[in-house]
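Here are a few exercises to work through with the model open beside you. Try each task on your own before reading its solution.

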Amino acid sequence: MAVSTRRPGSMMVIANVSMFLALVVSGPIAVEAARAFFVFGDSLVDSGNNNYLVTTARADSPPYGIDFPSRRPTGRFSNGEAIGNEESPLPYLSPELRGRRLLNGANFASAGIGILNDTGFQFVNIIRMYQQLAYFQQYQQRVSRLIGIPRTQRLVRQSLVLITVGGNDFVNNYFLVPYSARSRQYSLPHYVRLLISEYKKILMRLHSLGVGRVLVTGAGPLGCAPAELARSSSSSGRCSAELQRAAALYDPQLTQMINALNRKIGKTVFIAANTNQMQIDFLTTPRRFGFITSKVACCGQGPYNGMGLCTVLSNLCRNRELYVFWDAFHPSEKANRIIVRHILTGTTKYMNPMNLSSALAL
Ligand SMILES: *[C@@H]1O[C@H](CO)[C@@H](O)[C@H](O)[C@H]1NC(C)=O
Ligand SMILES: *[C@@H]1O[C@H](CO)[C@@H](O)[C@H](O)[C@H]1NC(C)=O
């Protein structure tokens with residue numbers, strides 16, 4: 001799969017979330033008629049840019065899409081309803097992203113990339129962070145030709161940006177192989193500090209390009225997907241310890257860095273979503289959210305249904321609403337909806353310094 005040869009799934013939590021966010025951003029909570037939405041980072045989003053570059057894993061056969069109105073696979077890594085293309089920003093490389101469609105935003109994300117340039121080196125032709133930012137500049141030039149510079153600046157300032165990057169710097173770099181180059185060069189705490197300082201430069205660059213609101217997601221539940229539980233095969237059902245340790249070091253420092261940036265700018269530009277805490281809730285109290293398990297995937301085979309892919313031959317649960325995970329890597333539609341609800345209206349336990357609806361109302 002394109003996201004990772006070893007642990008493909010952990011980053012896709014956010015990929016599906018971005019589709020739901022697209023709906024709410026352009027939907028009822030939007031203050032103005034429409035707010036442009038930009039996505040940066042590593043998310044393997046629906047009809048992602050990587051489709052224009054390399055072959056990615058596809059989700060175009062049953063039982064994917066079983067809960068769509070059509071009950072047919074659509075290419076999305078999900079069981080259920082997702083967002084139509086008109087709400088979801090188009091991939092920047094899509095030939096259909098032109099003319100007035102540009103005004104809705106764009107998706108610059110590319111599966112496999114990281115904060116560091118050497119992350120995802122095993123994939124050719126992915127759009128690294130600095131290139132995504134260069135495309136964003138180019139985007140603004142194209143929009144300026146359409147509606148002029150002042151209106152373009154306003155569109156960018158009033159937009160919402162989602163950025164999700166960092167997971168691959170662990171999964172597809174530091175922990176990719178035992179004794180990886182980076183792990184010989186840095187202890188984990190030092191490596192985390194390097195990531196945070198490089199990430200800070202990326203966020204400052206985004207701000208200098210004129211954006212006003214940036215939702216930043218943490219590394220989150222790197223080690224708890226059914227695929228990880230199946231791999232560890234200790235049958236204890238515990239999350240991967242190395243990945244959990246990485247996330248535990250990384251997430252608080254990310255929040256600190258974001259708070260420091262906001263103080264420096266003098267405004268709340270950056271908002272951090274504590275996806276790790278959301279996942280911990282699912283893991284410790286699945287029933288509180290109406291789930292019967294946060295470990296076993298609805299579709300798959302082997303321990304925790306965490307081995308291999310979800311196909312017509314897999315075990316398939318009856319009621320998808322009862323499972324946190326749809327397949328070995330991807331949360332169910334219901335889990336995604338809960339995550340998005342936290343992002344929008346959650347307390348400071350989940351959102352720092354405030355939730356997205358409060359931030360968008362500022
Ligand atoms: C990544 O590579 C680009 C292009 O070579 C370079 O401009 C940029 O500074 C590099 N970033 C880091 C963090 O090394
Ligand atoms: C989050 O959002 C809700 C509703 O939009 C708001 O009432 C609440 O005060 C916010 N909570 C925090 C902690 O910011």
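## Exercise 1: Two helices that cross

In this predicted model, the axes of helix 2 (residues 129-147) and helix 3 (residues 149-158) come within 7 Å and cross at roughly 130°. Work out how the pair is oriented, which hand the crossing has, and which residues meet.

*Solution.*
- Step 1: begin with the angle. Angles over 145 degrees count as roughly antiparallel, and 65 to 115 as roughly perpendicular. A crossing of roughly 130° therefore makes helix 2 oblique to helix 3.
- Step 2: check the hand. Helix 2 and helix 3 cross in the right-handed sense.
- Step 3: find the contact. Helix 2 brings Gln140, Val143, Ser144 and Ile147, which meet Ile149, Arg151, Thr152, Leu155 and Val156 of helix 3.
- Step 4: sort these residues by class. The contact of helix 2 with helix 3 has five nonpolar, three polar and one charged.

## Exercise 2: A second helix pair

Describe the packing of helix 6 (residues 188-208) and helix 8 (residues 241-265) by angle and axis distance, then by residue class.

*Solution.*
- Step 1: read the geometry. The helices pack at an angle of about 35°, with axes 10 Å apart, and the crossing of helix 6 and helix 8 is right-handed.
- Step 2: list some partners. Helix 6 contributes residues including Leu188, Val192, Leu195 and His207, while those from helix 8 include Arg245, Leu249, Tyr250 and Ile265.
- Step 3: count classes. The contact of helix 6 with helix 8 has 13 nonpolar, two polar and two charged residues.

## Exercise 3: From the sheet edge to a cis bond

Which strands stand at the edges of the open sheet, and where does the cis peptide bond lie?

*Solution.*
- Step 1: write down the order. The open sheet has six strands in the order 2-1-3-4-5-8, and the pairing is mixed.
- Step 2: look at the ends. Strand 2 (105-107) and strand 8 (351-352) each have a single partner strand, so one side of each lacks a neighbour in the sheet.
- Step 3: follow strand 8. Its pairing with strand 5 (residues 270-273) is antiparallel, over two bridges, and Asn352 is the bridge partner of Ala272.
- Step 4: move along the chain. The peptide bond from Asn352 to Pro353 is cis, with omega near -5°, and Pro353 sits in the loop between strand 8 and helix 11 (356-361).

## Exercise 4: Around a ligand

Which residues surround ligand 2?

*Solution.*
- Step 1: name the shell. Thr345, Thr347, Thr348, Met354, Asn355, Ser357 and Ser358 surround ligand 2.
- Step 2: classify the shell. One residue is nonpolar, six are polar and none is charged.

Conventions
Residues are numbered from 1 along each chain as its sequence is written. Chains are lettered from A and ligands numbered from 1 in the order in which they are written. This is a predicted model: local features need pLDDT of at least 70, side-chain atom pairs count only at pLDDT 80 or more; totals for chains, interfaces and linings use all residues. Axes are lines fitted to C-alpha atoms, for helices over the stretch in contact, and angles run from 0 to 180 degrees between N-to-C directions. Helices (H or I, at least four residues) and strands (E, at least two) are DSSP runs, numbered from the N terminus. Angles under 35 degrees count as roughly parallel, over 145 as roughly antiparallel, 65 to 115 as roughly perpendicular and the rest as oblique. A crossing is left-handed if the near helix is turned anticlockwise from the far one by less than a right angle, and right-handed if clockwise. Two residues are in contact if their C-beta atoms, placed from the backbone, lie within 7 Å. Ala, Val, Leu, Ile, Met, Phe, Trp, Tyr, Cys and Pro count as nonpolar, Asp, Glu, Lys and Arg as charged, and the others, Gly among them, as polar. A residue is near a molecule or strand if its C-beta atom, placed from the backbone, lies within 6 Å of it. Two strands pair if DSSP finds at least two bridges between them.
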